[in-house]
Amino acid sequence: MVGGPLFNRGFVGQDFIWWIGQVADDSYWRDNVVSGKFESAETIPGWGYRYKVRIFGLHDLGEEVIKSEDLPWANVMYPVTAGAYLTNSGQTPMIRQGNIVFGFFLDGNARQQPVIMGCMGNNSQTDIATTIGDNRVTNTTSGKSVAVSGYSQGNIDYPGGDGPAGSGPTTYDGNLKTEKPAPKDVEKERAPASPGTGLNKYGLPANRPISKQQLQDIRSAKFECEERGLSAEECDALVRKRVQAGVGARVKEANSPRSPSTGQPNMEAEATMRQSVADVKRDKMYCQKRVLLKPDNIVESVNRAMQIDMDTLVQNIDKSMNALQSYTDAASMTAGLGSLEKMVGEASLQQSKYMKVVMDKCMEFTEKALNKEMTKAVSALPMAERMAFLDVKDGISQNLLSSYNGMTGGQAGLMKGIISKVLNLGALTEQFSQMASGNTSPNTPDQKPKAVPKVPPCTSEDMIATVLAVNKSVIDETNNNLINGVDGFLQDAMANMAGVSGSMGSMFSKLGGIKGSLTSALNFENIKMNVFPFELPPSPAVSDYFTLCSGGAAADDAPSIAGVAKAATSQVDKISKVAGAAGEVVGDKVAKMIPQAPKLPFSPIPKNTPSIDLTADSSVEVDFSDDGSDPRDALDIA
């Protein structure tokens, strides 16, 4: 109406009233703007972006006098760079519950039409509450901070929210702390000293006061000095050691997933460079090694690839085990690291893929060597017999391929057994259980920093050698059958070929005896990189793997083919001696030494299976929910 507060000519200059307040529980204002897409503006229940604000000094600090639902609506004053949504020019306000905002009253002394001009920043060292819309802070209660988290539990649950009882906005890794919320004194203890800050004689940051717990450690250590009659120098060293041990024990317990959480796990402050769980996950993915196979020496390349992938597997297992003690590892675990059995199973499939290259190289060498030895005999055959011998050669190739495919077809189970034996999964599982039950020793000042686990080069050599040793009898039998078949045909074709066939049998007796010709077989080149002999071969590739953080690199202390041959000799002798001493068949003894996972048959999709439309809503539902009450649940540990 004309003449009202809005039309007071002296309003701006005389009745301009500032205020500062806090955005109330979003249960009372979040539905003012409909989430998602809608057609008609009449669907909107409210009037644009408006917020319920509890103004300090005007409204009480709790819910006793004025309920949050009865607070006045506050509009937003947008900057000139945001526009006002005319011609689709505008910006969405980023105001959240708990924000401290300031502004002015549009209606002056009436104080019923507040306008939000800006937000006050949050300090990362401020204690923030995890509940909002209650009487935690009232007019009669002093000494409590009004600061609350944007993820605070409100009065009305969020549908589908992932907070307690579905009561909060959806969290994400980029806003999740890498340290478990702990009491303020513990957070100060575990925080590294600021750059340029010196240490006192106890090894603590000089700019921080000594806490009660640290003072107790100092007094206890000095009492021990008196009891033991130590000198001043010895006493100072002992006190420093005891103080650091106490700090380490308290920090370790505070970061343990088993300890209770005492605050908000999300970061909501202006410390933009603070590390988050997303940073830890991102760093792991960026620095994870990805294999690069090199065609110029494929056997040596897959040898290195097996060692690189085993190294990655061991680091993943190490992270999973640390997740039982470390909050950071538990919070930053990516999908797939929860089950030890699953990780080993997936690694065995990868290792089996690499091992097939080695077995195929042995098959190529056998076939090429056989063809070379048969050249003299075939050239002496009558013309009529040469055409018949083509069928023999075709059968040789088929039988050779069938035999090696049989060895490599079920190789994943063998590789799983070998990996389980190499990593000693039985001891690892027991260690998992002990760590889950808390049966671990605390940190001490003399304890060395934990190193990143690394797989030695001989590991892949031993794995390849074990597979070859296990298949030795099958390789020998395959080669002998091929030789006997060729000798039989040649003897029937020409009686004077007996001398040639005898030399063939002598030569091929080495093919299956892994100890004699394995190095030659694995170094065998079926396809030359240079077309003509006088051409220089292309320069071999350097990188064995690449990472997103550092690019390509070569493997350090890479395994070698000579190492594989040496390891194979040892494995063959070991299996033969053990099996011979027990009077058992070699295959039966190997099955006991290396337990193999059952081979799963291939299951084709039936023809009558209906098609699945992956573009439709709710076509695939996967439940990744986990309340995180016990980290052992995520690691499949009973």
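1. The largest nonpolar core of this predicted model contains 46 residues. Those with the most contacts inside this core are L313, I317, M355, M359, Y404, I419 and L423. In soluble globular proteins, nonpolar side chains tend to be buried together.

2. Several helices build this core: at least two residues come from each of α6 (298-322), α8 (340-379), α9 (383-409), α10 (411-423), α11 (425-436), α12 (458-470) and α13 (472-493). The greatest contribution is that of α8, which supplies 12 residues.

3. L313 serves as an example of the contacts involved. Leaving aside residues up to four places away in sequence, L313 touches M343, V344, A347, I419 and L423.

4. There is also a second core, separate from the one above, with 13 residues. Among them are W19, V23, Y51 and I116.

5. Helix α9 merits a check of its length. It has 27 residues, and at 1.5 Å a residue these should span 39 Å. The C-alpha atoms at its ends are 39 Å apart, so the expected and modelled spans agree.

6. Which residues of α9 are buried? They are F389, I396, L400, S403, Y404, M407 and T408. An α-helix has 3.6 residues a turn, so residues three or four places apart point the same way.

7. At the surface, M285, Y286 and L548 make a nonpolar patch of about 290 Å². L548 lies in the loop between β9 (545-547) and β10 (551-553). Is L548 buried or exposed? Its relative accessible area is 56%, and a residue counts as exposed over 50%; L548 is therefore exposed.

How values were computed: Residues are numbered from 1 along each chain as its sequence is written. This is a predicted model: local features need pLDDT of at least 70, side-chain atom pairs count only at pLDDT 80 or more; totals for chains, interfaces and linings use all residues. Side-chain values use heavy atoms; hydrogens and water are left out. A nonpolar core is a set of buried Ala, Val, Leu, Ile, Met, Phe, Trp, Tyr and Cys residues joined through side-chain atoms within 4.5 Å. Buried means under 20% relative accessible area, exposed over 50%, partly exposed in between (1.4 Å probe, protein chains only). Helices (H or I, at least four residues) and strands (E, at least two) are DSSP runs, numbered from the N terminus. Contact means heavy atoms within 4.5 Å. The expected span of a helix is 1.5 Å times one less than its number of residues. Patches are made of residues with over 30% relative accessible area and no salt bridge: like charges are joined within 9 Å, nonpolar side chains (Val, Leu, Ile, Met, Phe, Trp, Tyr) within 5 Å. Accessible areas come from the Shrake-Rupley method with a 1.4 Å probe; for residues, only the protein chains shown count as cover. A salt bridge is a side-chain nitrogen of Lys or Arg within 4 Å of a carboxyl oxygen of Asp or Glu.
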